[in-house]
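This report describes a protein model, moving from its overall make-up to helix packing, salt bridges and backbone geometry. Please keep the structure in view while reading.

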Amino acid sequence: MATNTGFTLWLTGMSGTGKTTTAAYIAARLRQVGRNVEVLDEGELQNDLWAGIGDTKDERNMVVRRLGFVAGLLARNGTAVLVPCVSPYKSSREEVRRSVGKYVEVYVDCPTEKLIERDTTGKYKKALNGEIPNFIGITEPYEPPTSPEVTIYSDSESVEDGGMKIFQALLDLGLMTTDELKIITGKKMKANPLPAKKARRDEEEAPARVAAVKAAKTPKADKGSKGAKARPATRAARVGKPAPAAAAKKKAAKGKAR
């Protein structure tokens, strides 16, 4: 077994992409090789960790910080922590990355149209009808990661395929061994060289992690970020388009002004 067994596997993506399903799949196989595993599911912990908190950007970032703080405590005590969480804003995800240290970001991606099509909860339909305000991906933007360790396309890749991508990344980062993965997958997997960019980023961020852990303990308002751009408006805020009549009126007004 690897010497330092604790790490945080953060699964981000819009609602319904398959984050929880993927986390459960990975957790079961990590336990198969004797790893201590905890799954911090955003949906399951709401009443315990942030009951009463709303869904503004600052409040969503507070939720991410709290999950990150707990994940960091568990990870540094030898636990493999899996966090399926929408976590729509890059600034708070990067804050967690700096604070927890061994952080592996998994972006579970799926086209919005497919999410609406396969939604069994009815949330997307309600959001499109204006019944659910501040719904990520419909009326509020989701900021996709710019350089996640793993990207899973859940509309075209199976849970098993996505799982193999994650296990490969864990092996590449030295967070799992070839012996462990042979038990899990039945194959002799080989680690790929760590990209120079990733290696440099880890080296540069190391000094800031101690300070970031202290800062994460105290919830604070997010001051915004110049990080990754949000998804295109057609996906990020589908109901934000002006009504045809309003658009026509505006065009007519411009004509008169000329």
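## Burial and overall make-up

A residue is called buried here when its relative accessible area is under 20%, exposed when that area is over 50%, and partly exposed in between. By that criterion both Glu105 and Arg97 are buried, and these two residues return below in the discussion of charged pairs. The model is a predicted one, and the values that follow are computed from it.

The protein contains 12 helices together with five strands, and of its 258 residues 43% are buried. When contacts between residues at least 6 apart in sequence are considered, 76% of them join residues at least 24 apart.

## Packing of α3 and α4

Helix α3, residues 57-75, and helix α4, residues 90-100, have axes that come within 9 Å and cross at roughly 15°. Since angles under 35 degrees count as roughly parallel, α3 and α4 are therefore roughly parallel to each other, and their crossing is right-handed. On the α3 side the contact is made by Asn61, Val64, Arg65, Gly68 and Gly72, and on the α4 side by Ser91, Ser92, Arg93, Glu95, Val96 and Val100. Sorted by class, the residues of this contact comprise three nonpolar, five polar and three charged.

Val64, which is placed in helix α3, gives a closer view of this region, and at a relative accessible area of 2% it is buried. Leaving aside residues up to four places away in sequence, Val64 touches Trp10, Cys85, Ser87, Ser92, Arg93 and Val96. The C-alpha atoms of Val64 and Glu95 are separated by 9.2 Å, although the two residues lie 31 residues apart along the chain.

## Packing of α7 and α8

A second helix pair is formed by α7, residues 159-172, and α8, residues 178-185, which pack at an angle of about 165° with their axes 10 Å apart. Because an angle over 145 degrees counts as roughly antiparallel, that value makes α7 roughly antiparallel to α8. The crossing in which α7 passes α8 is right-handed. Met164, Phe167 and Leu171 of α7 make the contact with Thr178, Leu181, Ile184 and Thr185 of α8, and by class the contact has five nonpolar, two polar and no charged residues.

## Salt bridges

How many salt bridges does a search of the whole structure find? The search finds eight, among them a pair within helix α4, where Arg97 forms a salt bridge with Glu94 and the closest N and O atoms are 3.6 Å apart. Arg97 and Glu94 are three residues apart in helix α4, so they are separated by about one helical turn. Both partners fall below the burial cut-off: Arg97 counts as buried at 1% relative accessibility, and Glu94 is buried with a relative accessible area of 17%.

Arg97 also meets the side chain of Glu105 in a salt bridge, at 3.7 Å from N to O. Elsewhere, the side chains of Glu157 and Lys165 form a salt bridge with an N to O distance of 2.8 Å, and Lys165, at 30% relative accessibility, counts as partly exposed. Through shared partners, salt bridges join Arg93, Glu94, Arg97, Glu105 and Glu149 into one network. Of these residues, Arg93 also belongs to the contact between α3 and α4.

## Positive phi angles

Which kind of phi value does Ser87 have, positive or negative? Ser87 has a positive phi of about 35°, although it is not a glycine. This residue lies in the loop between β3 (80-84) and α4 and, at 1% relative accessibility, counts as buried. Ser87 is also one of the residues touched by Val64.

Asn134, likewise a residue other than glycine, has a positive phi near 55°. Asn134 is found in the loop between α6 (123-128) and β5 (150-153), and its relative accessible area of 27% makes it partly exposed.

Conventions. Residues numbered from 1 in each chain as written. Predicted model: local features only at pLDDT ≥ 70, side-chain atom pairs only at ≥ 80, totals over all residues. Heavy atoms only, no water. Axes fitted to C-alpha atoms, helices over the stretch in contact; angles between N-to-C directions. Helix = DSSP H or I, 4+ residues; strand = E, 2+ residues; numbered from the N terminus. Parallel < 35°, antiparallel > 145°, perpendicular 65-115°, else oblique. Left-handed = near helix turned anticlockwise from the far one by under 90°. Contact = heavy atoms within 4.5 Å. Nonpolar A, V, L, I, M, F, W, Y, C, P; charged D, E, K, R; others polar. Salt bridge = Lys/Arg side-chain N within 4 Å of Asp/Glu carboxyl O. Buried < 20%, exposed > 50% of the residue type's maximum accessible area, 1.4 Å probe, protein only.
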